[in-house]
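Colleague: Got a minute to go through this one with me? Let me pull it up first.

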Amino acid sequence: MEKIAFVMQLKPGCEQEYEKRHDEIWPELVAQLKAAGVSDYSIFLHPQTLQLFGVLKRTDDHGMNELPQTEIMQKWWAYMADIMDTEADNSPVSTPLKNVFYLE
């Protein structure tokens, strides 16, 4: 298992809507993430900067690189595009973070 982390940016005033949409995450999206080897996935919100900090575990043979081509991921990105900073294809602007410390 590998643990990765990244940051994304939420638009001002969208905190409650972002949380609501994730409280109601589509079961087919959850199934696709799990099938791609994703587990233990959390997203945290920094209340002042509205940065979203995501951290997840993925299997060594994960299929995360194929997720952007799936219909369900493209639908989710389009659904979330109005409340987040996104790229031209609606994928979230996401910056990978470097692991500088780990304590088990």
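Colleague: How do helix 2 and helix 3 lie to each other: parallel, antiparallel, perpendicular or oblique?

Modeller: Bear in mind that this is a predicted model. The axes of helix 2, residues 27-35, and helix 3 cross at roughly 125°. That angle is neither over 145 nor within 65 to 115 degrees, so the pair counts as oblique.

Colleague: Within what distance do those axes come?

Modeller: The axes of helix 2 and helix 3 come within 10 Å.

Colleague: And which hand is the crossing of helix 2 and helix 3, left or right?

Modeller: Helix 2 crosses helix 3 in the left-handed sense.

Colleague: Which residues make that contact?

Modeller: From helix 2 there are Glu28, Leu29, Gln32 and Leu33. Helix 3 brings Ile72, Met73 and Trp76. By class, five of these residues are nonpolar, one is polar and one is charged.

Colleague: Now helix 1 and helix 3. At what angle do they pack?

Modeller: About 155°, with the axes 11 Å apart. Helix 1 covers residues 15-23, and helix 3 covers residues 71-80. Because the angle is over 145 degrees, helix 1 is roughly antiparallel to helix 3.

Colleague: Who touches whom there?

Modeller: Tyr18, Arg21 and His22 sit on the helix 1 side. Trp76, Tyr79 and Met80 answer from helix 3. This contact has four nonpolar residues, one polar and one charged. The crossing of helix 1 and helix 3 is right-handed.

Colleague: Where does Trp76 turn up in the helix 2 contact?

Modeller: On the helix 3 side, with Ile72 and Met73. Trp76 is also listed for helix 3 in the contact with helix 1.

Colleague: Let's zoom out. How many helices and strands are in the chain?

Modeller: Three helices and four strands. From the N terminus the order is β-α-α-β-β-α-β.

Colleague: What radius of gyration does the chain have, and what would a compact globule have?

Modeller: The chain has 14 Å. A compact globule with 104 residues would be near 13 Å, so the two agree. The C-alpha atoms fill a box of roughly 35 × 35 × 25 Å along the principal axes.

Colleague: What share of the residues counts as buried?

Modeller: 34% of the 104 residues.

Colleague: And what about contacts between residues at least 24 apart?

Modeller: Take the contacts between residues at least 6 apart in sequence. Of those, 70% join residues at least 24 apart.

Colleague: Switching to backbone angles. What is phi at leucine 50?

Modeller: Near 60°, which is positive, and the residue is not a glycine. Most residues other than glycine have a negative phi. Leucine 50 is in the loop between strand 2 (38-45) and strand 3 (51-58).

Colleague: Is leucine 50 buried or exposed?

Modeller: Leucine 50 counts as buried, because its relative accessibility is 8% and the cut-off is under 20%.

Colleague: And what is phi at asparagine 90?

Modeller: Positive as well, at about 75°. Asparagine 90 sits in the loop between helix 3 and strand 4. With a relative accessible area of 28%, asparagine 90 is partly exposed.

Colleague: Last one. Where is lysine 98?

Modeller: In the segment after strand 4, which spans 95-96. Lysine 98 counts as exposed, at 71% relative accessibility. Its C-alpha atom is 29 Å from that of glutamate 17, and the two residues are 81 apart along the chain.

Note on methods:
Residues numbered from 1 in each chain as written. Predicted model: local features only at pLDDT ≥ 70, side-chain atom pairs only at ≥ 80, totals over all residues. Heavy atoms only, no water. Axes fitted to C-alpha atoms, helices over the stretch in contact; angles between N-to-C directions. Helix = DSSP H or I, 4+ residues; strand = E, 2+ residues; numbered from the N terminus. Parallel < 35°, antiparallel > 145°, perpendicular 65-115°, else oblique. Left-handed = near helix turned anticlockwise from the far one by under 90°. Contact = heavy atoms within 4.5 Å. Nonpolar A, V, L, I, M, F, W, Y, C, P; charged D, E, K, R; others polar. Rg over C-alpha atoms; globule rule 2.2 N^0.38 Å. Buried < 20%, exposed > 50% of the residue type's maximum accessible area, 1.4 Å probe, protein only.
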